[in-house]
Structures are given as structure tokens and as C-alpha cells.
Amino acid sequence: MPEQLSNSPSRGLHIITWGCQMNVYDSARMADVLRPLGYSPVDLPDNADMIILNTCHIRERAAEKVFSELGRLRQIREARKLEGKETLIAVAGCVAQAEGKELLARAPYVDLVLGPQTYHRLPEMVARIARAGGSVIDTDFPVESKFDLLPEEAAPQNEGNLTAFLTIQEGCDKFCSFCVVPYTRGAETSRPVASILAEAERLVASGVKEITLLGQNVNAFHGDWNGGTASLPELASLLHEKIPALKRLRYITSHPRDMEQALIDAHRDNPIFMPYLHLPVQSGSDKVLKAMNRGHTADEYREIISRLRQARPDIALTSDFIVGHPGETDEDFEATMQLVRDVRFASAYSFKYSQRPGTPAAGQPFQVAEDVKEKRLAALQALLREQQDAFNASLVGTVQDVLVTGLGRKPGQLNGRSPYLQPVHFEGDPSQIGQIVKVRITAPFTNSLGGHLHEQEGTAI
């Protein structure tokens, strides 16, 4: 890559993001660290001087999807080269971490390969290519935390947005048999509380009313604070105390083993916690949970749910399920179905088990046949859909505090977000965007709710 690339005053940056909310956050911060080099976001890769593919390794055939997309980006790069324009192609995220050398072997035209713990070093990598050409691969787990080195002043990514993600914890020490996260994100690390408070203050100053705290095991958070450490409920208390304009707080994703009583109590005591919790269980069979190395039983999960509902009776619960883990029998699957019937979820994500190279489960015997997995998944999803429909229907006639997020598709219609994370559609005035208003729910839909303003009750905030 020629030297003038590093001296250009303005260059286009296009980031393609796959996967979880943490990848969405990471993509925004990559844009932050590249901004001093003159990069600013553009909508199309055809107009980009640098294209970053921020990848996820969770879904099936993740690497193959990356190579397919890289083939498309290579064509864009070659077309731009005919116009005398240079284009850097970078692969970031979990696929880059897990398969970095393979990426460069199969796609040698890729300029940068970087893991999720090293994107704070992007400017250095770009400069290295500008000086010497060739490719750069950086998939080490650095001693220093990337959060200590990211620019303090984030760009106005959330300008005009009312909701935002904020990463507070990364990595995982649980080593579930099916999961690649410990190998791609590393050990559990938590950000210092002061750094989180500062970023939250900037987000709220830009107009954000609701923040979702992110982490692979977010409820294992233990960030440095005042010479000691603060837990997740303590962090939430500080956010509520120090940033009064922050109206709503959520967190994802949690592990049952870290669902301590202090956090359960915080759902009752801290008014900015929404009555919503995503708590993955994966299976209702103790045998399968042990094979998954989850570290809890089905009844222990039920007991956690009981304590949550005792503390916060209106809480809505969502979860993750994997069907067809190696060795899962019909009886094991029925135990999962029974747990779903016992708990009753507002919604849930469910997937067929798929082998991830390098994970313990990938080499286990008794892999479940694909047609069996498909049949079980269909049955589970039908039950979960039934419960989701029932939960939505149960809200009809209730009055919900709805954060108004924008205009609806129909004239005079507004869109908002319920405390339970559902989209809500109702008629209102555009001046109410950004407010929290009371809406009486009148209609349940598959993935949203309909309603009308309940002006008699209270005022917007």
C-alpha cells in the first residue's frame, strides 16, 4: 500500500458487522480509533478506502461465510484499483482470532487480520502497512487492556440515538463444551468503573436514555473502583446515582452461576433496571448440562428464577437453548421442554448444536443426527412461540412506560420500546420522540405491540 495512504486528509471507512451486540460496540470503537487517521464512515463499500469485516464465530459455517464475503470485497477492491483508488481490507473479530493464519493463506489479498482484543492497535497496523506493505496479523491477547488505550472521547456515534450499548466486561472463564468464546475473547476481564461512568456520561449527554451493558458474562463484572472492586449491582447503583438523566438500564449476557442475590435484589431496588432479564440455560437436562460444563442443574436454574420473580414479580425472562448437544436423548430433550413449561419465557433464542473446531464437544461421540435435531428444534420453537404469544397477549389492557424512539411507518404513528424490549406502535406527536410516555396496550402482534397514548395517567419524562 503506497505511503500517501497514511497522509490522505479524508478517507472512507465501511465496517460490516456480524454477530452479537458486543461486535456492534467493537465496530463503533474501531471507527473511533481510526478517525484521527482521517477515516470517516461511508454507507457503501464501493466508496471505502478501508473495509473492515467484523466477524462472529458462533454460528454454523461462520468461516465459510467470511470467505464468501471476502470474495465480494475483493471484486470491489479490484474495481476501485482500476480507478486508481487503493483499498485496505481487514478482518476483525472472533473468526479472525480463531483462524487468522488460515484467513491469510486462503485470502492473501487481505491486508489486516486482528482479534477482538487488539483493535486499539489499528492505527499502528495501518501505519505499518503504509510504510512496508504486505499483510499484518495481530491475534495476541495483549497484557494491556484495550479499554485502557481506546480514545476517551468517542465520536458521536450515538448522536440522535436514544439507546446505546456499552461494553463493561469481556471474555469467559466458564469453558462450556460447545463455545468458542474463551478461545477467541480470552479470560474474563472487567473495565474500570471510572471508565464506564465516563463513557455512560458521554452517551447520555448525546441524548441516550437507555443503556445496555454488555459482556460475555456481564454479571461476573468486578471492575476496579476506589482501591477495590465494584460488582454489577454496585455499578448499576453508581450509574443511577451519578447520571440522573439515564432512565433505563439493561445488561446482557448473564450466566446462572453468577446470578448472586445482590444482583437479584437490585432488580427490586434500583429503579433504572428494566423488568427484563436474558439468562441462558441451554438445556433442561442435568446430564446434558453436565456434558456442556454449565456448572448448574436445571433445578438450580428454576430456583434462581423463583428468587427473581419473588424480588420482581413483573420481570420478563428470556433465554438461550441448544438442542442436539452430543449425547442428548429423547428423554433429555423432554426435560428441556418441561423446564420451558415450568419457567414460561417471554421469548427465547434456540439453535441446533453445531460443531465448533477446537471445542470439547466437537470431538465427543454420540453426535445427534441432523434430522433429529431439526425435529426437536421445531418442537421447542413451537412451544417458545406459544409462550411468547401468551406473554404479549397478557399485556393487553395494561399501561406501559414506552420510550419513544421514532416515527412509525403510517402517518401519525410513533414507534417505541416497552420495558420488556418489545417494539410498540401507537399514534402520537413527533415532539414526543425521546420521551417516555404511558401507552395502553390494545393489540398483541408476533414481535410487537399496538396501543394508544394513555394521557390520563401521569406525564412524559
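This passage describes the cysteines, aromatic pairs, nonpolar cores and unusual backbone positions of the structure. The model is a predicted one.

The cysteines come first. The unreviewed UniProt entry lists Cys20, Cys56 and Cys94 under "binding site". These residues are spread over 75 residues of sequence, yet they cluster in space. The largest C-alpha distance among them is 10.8 Å. Cys20 sits in the loop between β1 (11-17) and α1 (21-34). Its relative accessible area is 32%, so Cys20 is partly exposed. Cys56 occupies another loop, between β3 (50-55) and α2 (62-82). With a relative accessible area of 15%, Cys56 is buried. Cys94 is buried as well, at 9%. Beyond the residues up to four places away in sequence, Cys56 touches Trp18, Gly19, Asn23, Ala62, Cys94 and Val95. One annotated cysteine, Cys94, is thus in contact with another, Cys56.

No disulfide was found; the count is zero. For Cys94, the closest cysteine sulfur is that of Cys56, at 6.2 Å. A disulfide needs sulfur atoms within 2.5 Å, so this separation is too far for a bond. Cys172 gives a further example. Its sulfur lies 6.1 Å from the closest cysteine sulfur, in Cys176, which is again too far for a bond. Cys172 has a relative accessibility of 10% and counts as buried.

Strand β1 also holds His14. The relative accessibility of His14 is 12%, so this residue counts as buried. Leaving aside neighbours within four places in sequence, the contacts of His14 include Val42, Asp43, Leu44 and Pro45. Ala48, Met50, Ile51 and Ile52 are also among the residues it contacts.

Three aromatic pairs were counted. One of them joins Tyr251 and Phe273. The ring centres are 5.5 Å apart and the planes stand at 65 degrees. Angles over 60 degrees count as edge-to-face, so this pair is edge-to-face. Tyr251 belongs to strand β13 (residues 248-252). Phe273 lies in the loop between α8 (261-269) and β14 (276-278). The pair therefore ties together parts that are 22 residues apart in sequence. Both partners count as buried, Tyr251 at 4% relative accessibility and Phe273 at 1%.

Phe321 and Phe345 form another edge-to-face pair. Here the distance is 5.6 Å centre to centre, with 85 degrees between the planes. Phe321 is in strand β15 (residues 316-323), and Phe345 is in the loop between α11 (330-343) and β16 (347-352). This pair links distant parts of the chain, 24 residues apart. Phe321 counts as buried at 0% relative accessibility. Phe345 is buried too, with a relative accessible area of 3%.

Two arginines lie over tyrosine rings. The charged end of Arg11 sits over the ring of Tyr39, 4.4 Å from the ring centre. Arg250 lies over the face of Tyr276, at 5.6 Å from the centre of that ring.

The nonpolar interior was examined next. The largest nonpolar core has 54 residues. Ile211, Leu213 and Leu308 have the most contacts inside this core. Outside its close sequence neighbours, within four places, Ile211 is in contact with Ala164, Leu166, Ala200, Leu203 and Val204, among others. Leu246, Arg248, Leu249 and Arg250 are also contacts of Ile211. The contact partner Arg250 is the residue that lies over Tyr276. A second, separate core has 23 residues, including Met22, Val33, Ala92 and Val126.

The backbone has some unusual positions. Most residues other than glycine have a negative phi, and most peptide bonds are trans. A cis peptide bond joins Ile252 and Thr253, with omega at about 5 degrees. Thr253 is in the loop between β13 and α8. Phe175 is not a glycine, yet its phi is positive, at about 55 degrees. Phe175 is placed in the loop between β8 (169-170) and α5 (181-184). At 39% relative accessibility, Phe175 counts as partly exposed. Arg344 is not a glycine either, and its phi is about 65 degrees, again positive. The loop between α11 and β16 contains Arg344. Arg344 counts as partly exposed, with a relative accessibility of 43%.

Conventions:
Residues are numbered from 1 along each chain as its sequence is written. This is a predicted model: local features need pLDDT of at least 70, side-chain atom pairs count only at pLDDT 80 or more; totals for chains, interfaces and linings use all residues. Side-chain values use heavy atoms; hydrogens and water are left out. UniProt positions are given in the numbering used here, feature names are shortened, and annotations may be inferred rather than shown by experiment. Helices (H or I, at least four residues) and strands (E, at least two) are DSSP runs, numbered from the N terminus. Buried means under 20% relative accessible area, exposed over 50%, partly exposed in between (1.4 Å probe, protein chains only). Contact means heavy atoms within 4.5 Å. Rings of Phe, Tyr and Trp (its six-membered ring) pair if their centres lie within 6.5 Å; planes under 30 degrees apart count as stacked, over 60 as edge-to-face and the rest as tilted. A charge sits over a ring if NZ of Lys or CZ of Arg is within 6 Å of the ring centre and within 35 degrees of the ring normal. A nonpolar core is a set of buried Ala, Val, Leu, Ile, Met, Phe, Trp, Tyr and Cys residues joined through side-chain atoms within 4.5 Å.
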